[in-house]
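Trainee: Please choose one residue of this chain for a close look, and then set it in the context of the fold as a whole. I should like a single connected account.

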Amino acid sequence: MISPLAAVADKPSYAQAKCLSSNSLKHATQRKFSTAANSYAAHANVQKQAANDLFKLMAASDNAKQDYCIDLGAGPLVNTHALQELYRHVLAIDLSHTMLKSSNVDAPRICADMDNLPLQENSVDVVFSNFAVQWSANFETLMHALYKTLKPGGRAYISAVVEGSLHEIKTAFSVLDSHSRINRFQTQNNINQSVINAGFIVNSATKVIYTDQFTNPLNAIHSIKAIGATSQNHSTQRAGLLTKSALKKVCAAYPLINNQAHVSYHVVLLSLEKVKT
């Protein structure tokens, strides 16, 4: 059996590809996710919900047990073990070396940038990616790359965070100034068009809103830091730490529902298929 990896040996216990983009955003994202490695699993509540929904999509696809699956943006391998129950070989890929090292799941793993994957064409049966593709520098280019990587008839199951996410945090911080403290996410229409442009058959594309709830605004704000999701993908961010008085204003402006501070994520769940030849 030929490994899908183009740059490392077959079935590696661990490998690190020299393919990290020099882009400063990617380095910042890598650092923040590495810092969050120990807290990620305990705080990734909506990510777990989205993963469960992706597994339901996979179960509905009536797949026989395939050979190669990649867990793209695997983090601390929170979904890799479940994927191993479905596929013979599962390769965990993540930008953060620290995230990958923090897991005791027995699986091959590679530290690599999703925008420069060391994978051979037509080598992977299934791509699974949960709450990761929004960190791509170019989503449509990534979809083209994944399409090439998949074997004919191969499938991709992806959750993509889209526009509207974290609007409560955006609202709270708007009391200070017009600078954004959150990422800009693509629209659902852009996501759908990109996968079509890449050549995929779209078996399903469903938007879901997942919500996490906290007893106070400060915990809600800290929740995105605990999962590493504080890198910003645009140039209008405000640099520097908040003062105590500024943070107090933000917390006071946080929109509450039944005295609870919500953090919502708008997510598109995709079930995609590569055309058979």
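**A buried serine and its surroundings**

Mentor: Ser-194 counts as buried because its relative accessibility is 5%; buried means under 20% relative accessible area, exposed over 50%, and partly exposed in between (1.4 Å probe, protein chains only). The model is predicted, so local features need pLDDT of at least 70 and side-chain atom pairs pLDDT 80 or more, whereas totals for chains, interfaces and linings use all residues. Residues are numbered from 1 along each chain as its sequence is written, and side-chain values use heavy atoms, without hydrogens or water.

Ser-194 belongs to helix α8, which covers residues 188–197; helices (H or I, at least four residues) and strands (E, at least two) are DSSP runs numbered from the N terminus. The side chain of Ser-194 reaches back to the backbone oxygen of Asn-190, at 2.9 Å. Once neighbours within four places in sequence are set aside, the contacts (heavy atoms within 4.5 Å) of Ser-194 are with Phe-139, Glu-140 and Met-143.

The wider chain gives this site its setting. Ten helices and nine strands make up its secondary structure, and buried residues account for 51% of its 277 residues. Among contacts with a separation of 6 or more, 79% join residues 24 or more positions apart.

The nonpolar interior comes next. A nonpolar core is a set of buried Ala, Val, Leu, Ile, Met, Phe, Trp, Tyr and Cys residues joined through side-chain atoms within 4.5 Å. In the largest one, which has 32 residues, those touching the most other members are Leu-83, Tyr-87, Phe-128, Tyr-254, Val-263 and Tyr-265. Two or more residues of this core come from each of α3, β5 (124–130), β6, α7 (167–173), β7 (201–214), α9 (217–226) and β9. Helix α3 makes the greatest contribution to this core, six residues. A second core, separate from it, has 30 residues, including Val-133, Leu-142, Tyr-147 and Val-162. In soluble globular proteins, nonpolar side chains tend to be buried together.

Helix α3 itself deserves attention. Its buried residues are Val-46, Gln-47, Ala-50, Ala-51, Leu-54, Phe-55 and Met-58. Helix α3 also holds an ion pair: Lys-56 and Asp-53 both lie within it (residues 45–59), three residues apart, about one turn of the helix. Their closest N and O atoms are 3.8 Å apart, which forms a salt bridge, that is, a side-chain nitrogen of Lys or Arg within 4 Å of a carboxyl oxygen of Asp or Glu. Lys-56 is exposed because its relative accessible area is 57%, while Asp-53, at 21%, is partly exposed.

The whole structure has four salt bridges, and two others deserve comment. Asp-67 pairs with Arg-88, with 3.2 Å between the closest N and O atoms. This pair links distant parts of the chain, 21 residues apart: Asp-67 is in the loop between α3 and β2 (68–72), and Arg-88 is in the loop between α4 (80–84) and β3 (89–94). With a relative accessibility of 19%, Asp-67 counts as buried. The salt bridge between Arg-155 and Glu-273 has its closest N and O atoms 3.7 Å apart. It joins strand β6 (residues 150–161), where Arg-155 lies, to strand β9 (residues 260–273), where Glu-273 lies, across 118 residues. Both Arg-155 and Glu-273 are buried.

Conventions:
Polar contact = N/O pair within 3.5 Å; in protein donor to acceptor, adjacent residues only side chain to side chain.
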